[in-house]
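User: Could you take a close look at one salt bridge for me, and then work outwards from there? Keep it relaxed, but give me the cut-offs as you go.

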Amino acid sequence: MESCKKICKNEADWNFIKRAFFLAKEAHQGVRRRSGEPYLLHPIAVAQIVVNEIGLGVKSVVASLLHDVVEDTDYTVEDMEHIFGPKIASMVDGLTKMSGVFNADTSQQAEYFRKVLLTLSDDVRVILIKIADRLHNMRTLGSMPQNKQIKITGETIYLFAPLAYRLGLYAIKTELEDLCMKYRFPKEYEEIQRQIDETSAAREEYIRKFNAPIIEALDRNGFKYEISGRIKSVYSIWTKMMRKQIPFSEIYDLFAIRVVFQPTDFPSEKTQCWQIYSSITDIYTPKPDRLRDWISIPKANGYEALHSTVMGPDGIWVEVQIRTQRMEDVAERGFAAHWKYKHVTISHDEDEFDKWLKMIRTALDSPTQNAIDFLDNFKLSLYTSEIAVFTPKGEARHLPYGATALDFAYDVHTKIGNGAIGAKINHKIMPITTPLSSGDQVEIITAESARPKAEWLEYVITAKAKQAIKNFLKREQEHNLQRGLQMLDERLAQLNITPNHRVIRKLIEAYECSNKDELYTKIGAGIVSLDNLEKIVKTNSKNKILKFWTLFIKDDDNEKEAESNQNNEASKQKSNPDNQHLVIAECCHPLPGDSVVGYKDPITHQIIVHKATCDELNRLASQHGDCIVKEAIQWSQYKTQSSLATIEVVGIDRMGLLIDLANVVTNDFSVNMRQVNIQTHDGIFEGTLSMYVRDAESLNAILDRMRRIKGMESVKRMD
């Protein structure tokens, strides 16, 4: 608690903290965490993170110490208000989980997150304390069972890590991501960490060699600075390896050089950053397309820096980051540092954080009945890559990478978005669905007769645009719902089909709806046609039943039993009483041998089997974590069934390349190909191959063999 004492301005502040400490100590007396340590150590650890790693003050420390008291003990929010005042009571209330009974259509997790996130409209410190709470829980996650680890890591990677990034807490965001990987994929984490450690000596020597002439130049020009080499996080290395399907040895940008300097009063910070950039590029040649100027146009969360990639010794590209000490503090501590400097330096860039918070608060104020939709919409506000586009009058606006002109229209004003029919992008008329690039100047063309369409939801990616379109459509939803129900009843009556639960369930799945209300609404709006209704109702379910799995509780006794009874069919049926309820997830198509996780659908009660790396699994874990199956799902070998897999290939075009590919698939591995789609242009060969494989191991062997074909640049599996 000594670190907490340092932030106190007087004895009254320290007494305020001590009162909270002793109340928490009394309230949690005798309670232990799953790890066996006294529970009190958790709120103390959260308070220390709040002070040391985020930089908050006395009230935040008090709220951190008390954040679990109302939830876990007999104390109430009213007690907190009586003892510590209304502000502390409000913060503790925001940190207290939801209680009570929720109906089947409600996610308790999503309701809780909505409650916490809504405090952004009142006090952003609640969110920061919640992130500190999550960080300590992640640091001590090893004592939790596997299904709880999947639930908590799913929440963390889906919501908390992007939220930490958006609040400028880069160090915490990186640690959360690494911890998620450590517990979800421990073997991969340890292997990458081992390879990082093995190459550290050579890397440090290269950094010294690279930095030497830069240090000489900066000393000569009289800068006060620190220069360091920062290694990429394990998680970011792993995601790049997964995305490009390349080994560790082919990751060339493992580190970046960071120059942090103390600016002088004259010239400006911006000018001094460019002076350092000029000194470095006098030594090393820059890569023109890799210059990132986040000083002139800061990121929406307040991040400022100058990034460039230069050609270093031995032909290696090296990223260099240039920033002042103020920029460094804001980058590492985000919100707290932003407010620390807010009244010291006044410029248009300092308002970027405020603009983002204002935008988030506006989005949070939008009415919504569905907590899951709320959470998904908020997630859209946490994009990590962004572009800057300009209005006709030259005003810069930040949008996520991939945003369309329609997103821009809604960003300007909801009324403009609702009436949009087209756009002038760089003075050229383009469709309203055109994706934007950084630097585009955009003017929206509107018409009074224009109306939002349901398909617009497929062309927007910002939370504001999606919510505005949904709000407009919701006003027409009731009419469409009643009309759709009537149309469906009439059509089923013509076919002499009774509209029971089984029929509706089939239609919901066939038309990709989440519930029957959505089905009726789509029918009433004309989005769904009933022309093939009879065929859908009278055909059997298309779910792909998993034929070669075994499901058992992952402890020593059951594992031994499963191994000893591997060839006993009766034992398998006993271990898997819900065989008919296991289906392969359509979003990621796991193959036998893939690491998989089961998710029990709360409506159909089917167990959907996802790849452990599936993004949709993380989303589900963040909203319905209790539906993650406790038992481990593994593939058994007693049945053989081929599964369809698709491979993407890119290479240098040459005579015979397609023949070599076909020989690998058909001759070397005796695999049946279903479809080949190959194109060549400008000397580049690219396309996809679909084939039937037994399992992930055999597919990986095919991929490895293909990569050795002359001229092949990239071979990777597609989900």
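Analyst: Asp133 and Lys130 form a salt bridge, with their closest N and O atoms 3.0 Å apart; the term covers a side-chain nitrogen of Lys or Arg within 4 Å of a carboxyl oxygen of Asp or Glu. The two sit three residues apart in helix H9, so about one helical turn separates them. Helices here are DSSP runs of H or I with at least four residues, strands are E runs of at least two, and both are numbered from the N terminus. Asp133 is buried, at 5% relative accessible area, and Lys130 is buried as well, at 5%. Buried means under 20% relative accessible area, exposed means over 50%, and partly exposed is in between, using a 1.4 Å probe and protein chains only.

A word on the ground rules: this is a predicted model, so local features need pLDDT of at least 70 and side-chain atom pairs count only at pLDDT 80 or more, while totals for chains, interfaces and linings use all residues. Residues are numbered from 1 along each chain as its sequence is written, and side-chain values use heavy atoms, with hydrogens and water left out.

Staying with H9, Arg139 makes a salt bridge to Glu53 (3.0 Å, N to O). Arg139 lies in H9 (residues 125-139) and Glu53 in helix H3 (residues 41-54), so this pair ties together parts 86 residues apart in sequence. Arg139 is partly exposed at 31%, and Glu53 is partly exposed at 28%.

Over in helix H13 (residues 200-220), Arg208 and Glu205 are three residues apart, about one turn of the helix. Their salt bridge has its closest N and O atoms 2.7 Å apart, and Glu205 is partly exposed at 45%. Elsewhere, Arg230, Arg258, Arg323 and Glu328 are joined into one network by salt bridges that share partners. The whole structure has 26 salt bridges.

Now the nonpolar packing. A nonpolar core is a set of buried Ala, Val, Leu, Ile, Met, Phe, Trp, Tyr and Cys residues joined through side-chain atoms within 4.5 Å. The largest one has 85 residues, and Ile131, Ile192, Phe210 and Ile322 touch the most other members. Helix H10 (residues 146-166) gives the most to this core, with nine residues. Ile131 touches Phe160, Leu163, Ala164, Leu167, Leu169 and Ile172, leaving out residues up to four places away in sequence; contact means heavy atoms within 4.5 Å. Apart from that core lies another, of 27 residues, among them Ile44, Val70, Ala89 and Val92.

For backbone oddities, Phe266 and Pro267 are joined by a cis peptide bond, omega about 0 degrees, and Pro267 is in the loop between strand E2 (255-262) and helix H15 (269-283). Asp314 is not a glycine, yet has a positive phi of about 65 degrees; this residue is exposed, at 60%.

How far can you trust it? pLDDT is the predictor's confidence in each residue, from 0 to 100. The chain mean is 82, with 83% of residues reaching 70 or more. Confidence is highest in H15, at 95, and lowest in helix H27 (residues 569-575), at a mean of 38. Residues 98-105 are below 50, and this stretch has six contacts beyond near neighbours in sequence. Where pLDDT is low, the predicted coordinates should not be read in detail.
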